[in-house]
Amino acid sequence: MAQLKCENLTLGYDSKIILRDLNFSVNSGDYLCIVGENGSGKSTLMKTILGLQSAVSGKVLFGDGLKANEIGYLPQQTVVQKDFPASVREIVISGCQGRCGLRPFYNKEEKQIAADSMEKMEITHLAGRCYQELSGGQQQRVLLARALCATRKMLLLDEPVSGLDPKVTAEMYGLIEKLNSSDGITIIMISHDISAAIKYASHILHIGDKIFFGTKQEYLKSEAGKIFASDAGGENK
């Protein structure tokens, strides 16, 4: 069975339907990029998968041993998050809270998971630093390490390179690709960067007036793919 499957999913808020009858599935090890126009429902879909928002109708199903609480999530960063007065280590290990249950402390295993996650993101040397003193790229690495603490199976990333300069963006994409190719973690990423989506993704979900779901190669041959991929600069608008 697929690791994640959305069946006849209809999404909306405030009595407004924004996406109807969406069907797609994600297998273990896939790298899915969700693209489309602003306001098309990409972030709403991600929140629905995570159970943070209810679907109007349809189902989100988990399989292949994946549980809803075993998904790591990197949301779009807010101004409040950027000024969070905590150390890098404290923020990263907070991603283990779902493992603690009612236990009010982190055990040896969870501390090791946090250490491993920081190592994967190459931020071990920043462990004692205050989060709000870091650069934007460093902060994103911290938040990705935090998301890693919650999972070894699937990461949901909502525009993880937004606001980063080209060099830091390339580094971030490289880290995410390594998590997918070397660690086997399934990636579901919302992106406005079509060129990056085409470079890294195994599958594309295009949301808009027309919905497309398929492999990267199929997307490039589709009507939506041809229009978006040919857009100047490689980004959809």
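Which strand does D21 lie in? I looked this up before anything else. D21 lies in strand β2, residues 16-26. I note that the model is predicted.

**Entry: backbone at D21 and N8**

I checked phi at D21. Its value is near 50 degrees, which is positive, and D21 is not a glycine. Most residues other than glycine have a negative phi. I then asked: is D21 buried or exposed? D21 has 52% relative accessibility, so it counts as exposed, the cut-off being over 50%.

I turned to N8. This residue also is not a glycine, and its phi is positive, about 50 degrees. N8 sits in strand β1, which covers residues 4-13. Its relative accessibility is 44%, so I logged N8 as partly exposed.

**Entry: the sheet**

I traced how β1 and β2 pair. They belong to an open sheet of three strands, in the order β2-β1-β4, and the pairing is antiparallel. Which strands form the edges? β2 and β4 (57-62) do, each pairing on one side only. I looked up the twist as well. On average, neighbouring strands of this sheet are turned by 25 degrees against each other, direction ignored.

I looked closer at the β1 and β4 pair. Five bridges join these antiparallel strands. For one position I followed the register across: K5 stands opposite L61 in β4.

What packs on this sheet? I found helix α1, residues 42-49, which touches β1, β2 and β4. The direction of α1 makes about 120 degrees with that of β1.

**Entry: the nonpolar cores**

I moved on to the largest nonpolar core. It holds 47 residues. Which of them touch the most other members? I listed V92, I123, L144 and L155.

I then sorted the core by element. Helices that supply at least two residues each include α3 (88-93), α5 (108-120), α6 (136-149), α7 (166-181) and α8 (194-200). Strands β3 (31-36), β6 (154-158) and β7 (186-190) also each supply at least two. The largest share comes from α6, with seven residues.

I picked L144 for a contact list. Leaving out residues up to four places away in sequence, L144 touches L74, M121, L155, L157, M172, I176 and L179. L155, on that list, is also one of the residues I noted for touching the most other core members.

How many residues does the second core have? I found 23, in a core separate from the largest one. Among them are I18, V26, L45 and I71.

Key: Residues numbered from 1 in each chain as written. Predicted model: local features only at pLDDT ≥ 70, side-chain atom pairs only at ≥ 80, totals over all residues. Heavy atoms only, no water. Core = buried A, V, L, I, M, F, W, Y, C linked by side-chain atoms within 4.5 Å. Buried < 20%, exposed > 50% of the residue type's maximum accessible area, 1.4 Å probe, protein only. Helix = DSSP H or I, 4+ residues; strand = E, 2+ residues; numbered from the N terminus. Contact = heavy atoms within 4.5 Å. Pairing = 2+ DSSP bridges. Axes fitted to C-alpha atoms, helices over the stretch in contact; angles between N-to-C directions.
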